[in-house]
Amino acid sequence: MKIENMTMADIEARMAQIATEMDAEGADLDALTEEVRKLNARKDELRKAEKRSELRKAVAGGAGVVLDMPGNQGEERTYDASSPEYRSAFFKDLMGAEMTQEERAAFVHTTANTAAVLPTTTLNNIWDLVSTQHSIMGDITIYRTGTVIEVIKHTAITAGAAKSVSENAANDDENNTFVKVVLSGKDFSKHVDITYAMERMSVEALEEYLTNEIADQLGAAMADDVVAQINTDMASGNKISSAKADTLTFAEVAKAFGLLERADNVVVYGKRSTIYSYLVGMVDANGRPVFQPSAQAGAAGVILGAAIKIEDSVAANELLIGDAKKVAYNMVQDIMIESDRDIKKHVTTHSGYARGSGALIAPKAFAKITVTQG
């Protein structure tokens, strides 16, 4: 089907296919990039056409989308989740507070064909906090598809790997082993109870409170899930333990680095206690310090050229070493907030929800060191 004839559903289906095709061996990334550009352009055309249609209906029906603004009479306004008016309207709706004319117009217009989506700025703030509190969430590859997708996991080259050959002799044809992984998502939720009395707080205070609470809890749950999935998908031979109890040597760290394959941007993840107990004071065979302080934002230091990042979702006395970009994470439902009022207890429950799941598509792109405990 030609792109200019595609509907929004056709575009989403094709985007999901591209997400799978891009990880296949021999994929024409330039062609796929150009196709995605054209698909996004077609999306913009459809959205503009839909907005024009909705605006015409609203004007014809007397809805408050065309507003007489002081100093700017008769200006036409259209709204979406990124509009400041919708942002304040969204939280006033959560609080049961009265909206202004502009806020009501923004809320009605944005939610005409969908549930009340999280304001763009709020959603971005939540994700910023999640990636700040959990470095691994900021490093993995996240697809916000809104649907179930399949990704290709590369497990082995069973034939055709590069090797020395005789003059005029051909190498074996490459034969790769792949498996398809369906990313249908897992549910993550966090709710906050606020009494009617507490709801007297300002819109800004409520937004900050919910943003911090939901980012803290959902972020931790998703980071735990990502780390657990890495441990599940990681090649068993890439999991090693220290030879001596309560001791980690430079040679053992170097061995873990040597186990990595298809890891382009290597990072070391661990709890603060593990990093400062075993890496900061580490020396090589000649007694020279191997830990280097780092000015990079979010990095506690550098070892063997890899940034060291604090990640509390990694188990105590363990270090995860690898390329987090090789984790494909699909957000089937991006973070959202819903509310429900209990008129008996005079409490409003605000619930944060998200659905997503991921997979390590290159099993040897990560290694794990466990410090043996005495």
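What share of the contacts in the chain with a separation of 6 or more comes from residues 24 or more positions apart? The answer is 74%, and the views below come from a predicted model.

**View 1. The whole chain, for orientation.** Here are 9 helices and 12 strands in one chain. Of its 374 residues, 43% are buried. The chain exposes about 19,500 Å², with carbon and sulfur atoms supplying 49% of that area.

**View 2. A look into the largest pocket.** This pocket has a volume of about 1,400 Å³. Its lining takes in 39 residues, and E12, K43, R47, T114 and V117 sit closest to the centre. Helices α1 (8-21), α2 (29-61), α4 (101-110) and α5 (120-133) are among the elements that each give at least two residues to the lining, and so is strand β10 (327-342). By residue type, the lining splits into 21 nonpolar, 9 polar and 9 charged.

**View 3. Two salt bridges that involve helix α2.** R14 and E35 bring their side chains together at 2.6 Å, N to O. This pair ties distant parts of the chain, with R14 in helix α1 and E35 in helix α2, 21 residues apart. R14 is buried, at a relative accessible area of 15%. The other bridge joins R37 and E34, again at 2.6 Å, N to O. Both of these residues belong to helix α2 and are 3 residues apart, about one turn of the helix. R37 is partly exposed at 49% relative accessible area, and E34 is partly exposed too, at 33%.

**View 4. A salt bridge between D233 and K153.** The N to O distance here is 3.3 Å. D233 is in helix α7 (residues 203-233) and K153 in strand β2 (residues 149-159), so the pair links parts of the chain 80 residues apart. Both partners count as buried: D233 has 11% relative accessibility, and K153 has 12%. Elsewhere, D264, D323 and K326 are joined into one network by salt bridges that share partners. A search of the whole structure turns up 17 salt bridges.

**View 5. Two loop residues with positive phi, R262 and L304.** R262 isn't a glycine, yet its phi is near 60°. You'll find R262 in the loop between α8 (250-258) and β6 (267-270), partly exposed with a relative accessible area of 38%. L304, also not a glycine, has a phi of about 50°. Its loop runs between β7 (301-303) and β8 (306-310), and L304 is partly exposed at 43%.

Definitions and conventions: Residues are numbered from 1 along each chain as its sequence is written. This is a predicted model: local features need pLDDT of at least 70, side-chain atom pairs count only at pLDDT 80 or more; totals for chains, interfaces and linings use all residues. Side-chain values use heavy atoms; hydrogens and water are left out. Helices (H or I, at least four residues) and strands (E, at least two) are DSSP runs, numbered from the N terminus. Buried means under 20% relative accessible area, exposed over 50%, partly exposed in between (1.4 Å probe, protein chains only). Contact means heavy atoms within 4.5 Å. Accessible areas come from the Shrake-Rupley method with a 1.4 Å probe; for residues, only the protein chains shown count as cover. On a 1 Å grid over the protein atoms alone, a cavity is a set of points where a 1.4 Å probe fits but cannot get out, and a pocket is an open set with protein on both sides within 12 Å along at least five of seven lines; lining residues have an atom within 4 Å of a point. Grid points are joined across faces, edges and corners, and a volume is the space filled by probe spheres set on the points. Ala, Val, Leu, Ile, Met, Phe, Trp, Tyr, Cys and Pro count as nonpolar, Asp, Glu, Lys and Arg as charged, and the others, Gly among them, as polar. A salt bridge is a side-chain nitrogen of Lys or Arg within 4 Å of a carboxyl oxygen of Asp or Glu.
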